[in-house]
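Here's a quick briefing to go with the protein you're about to look at. Keep the 3D view open while you read the bullets.

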Amino acid sequence: LSVETEREILVGGVQLRPYKPDRVVLDRTGRHVTLLDFRLPPPREVHRQSMRSYATLFEQLGYEKVTGLIYYLQTGEIVLI
């Protein structure tokens, strides 16, 4: 696995949106990616929307499987997107 921290997402060499997931975990095949975002509670819909936007960008980059996880500090709650 390869882990990137707060990297900008570029599509075609251009930053489409100012999003930076907290962690991006890539498998060695380059086909699967897991996106992690760390948030403070309470859970909010805007957190899910941001993760969906990250996931959409990685799908546009050609990743076959994109998984998004939001981890809420203090409570330990995990939301799968």
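Helices (H or I, at least four residues) and strands (E, at least two) are DSSP runs, numbered from the N terminus. Read from that end, the elements go β-β-β-β-β-α-β-β, which adds up to 1 helix and 7 strands. What you have here is a predicted model, where local features need pLDDT of at least 70 and side-chain atom pairs count only at pLDDT 80 or more, while totals for chains, interfaces and linings use all residues. Residues are numbered from 1 along each chain as its sequence is written, and side-chain values use heavy atoms, with hydrogens and water left out.

**The whole protein**
- The protein has 81 residues, and 32% of them are buried (under 20% relative accessible area; exposed is over 50%, and partly exposed is in between, with a 1.4 Å probe and protein chains only).
- About 5200 Å² of the protein is exposed, with carbon and sulfur atoms supplying 49% of that (accessible areas come from the Shrake-Rupley method with a 1.4 Å probe, and for residues only the protein chains shown count as cover).
- Take the contacts (heavy atoms within 4.5 Å) between residues at least 6 apart in sequence: 47% of them join residues at least 24 apart.

**The nonpolar core**
- In soluble globular proteins, nonpolar side chains tend to be buried together.
- The largest nonpolar core (a set of buried Ala, Val, Leu, Ile, Met, Phe, Trp, Tyr and Cys residues joined through side-chain atoms within 4.5 Å) has 13 residues, and Val24, Val33, Leu35, Phe58, Tyr63 and Val66 touch the most other members.
- Two or more residues of this core come from each of β4 (23-26), β5 (32-39), α1 (45-60) and β6 (65-72), and α1 gives the largest share, 4 residues.
- Leaving out residues up to four places away in sequence, Leu35 has quite a list of contacts, including Val24, Met51, Ala55, Phe58, Val66 and Leu69.

**Aromatic pairs**
- Searching the whole structure turns up 2 aromatic pairs (rings of Phe, Tyr and Trp, its six-membered ring, with centres within 6.5 Å; planes under 30 degrees apart are stacked, over 60 edge-to-face and the rest tilted).
- Phe38 and Tyr71 are edge-to-face, because their planes sit at 75 degrees, with the ring centres 6.1 Å apart.
- This pair links distant parts of the chain, since Phe38 is in strand β5 and Tyr71 is in strand β6, 33 residues apart.
- Phe38 is partly exposed at 34% relative accessibility, and Tyr71 is partly exposed at 31%.
- Phe58 and Tyr63 make a tilted pair, 5.6 Å centre to centre with 55 degrees between the planes.
- Phe58 is buried at 7% relative accessible area, and Tyr63 is buried at 19%.
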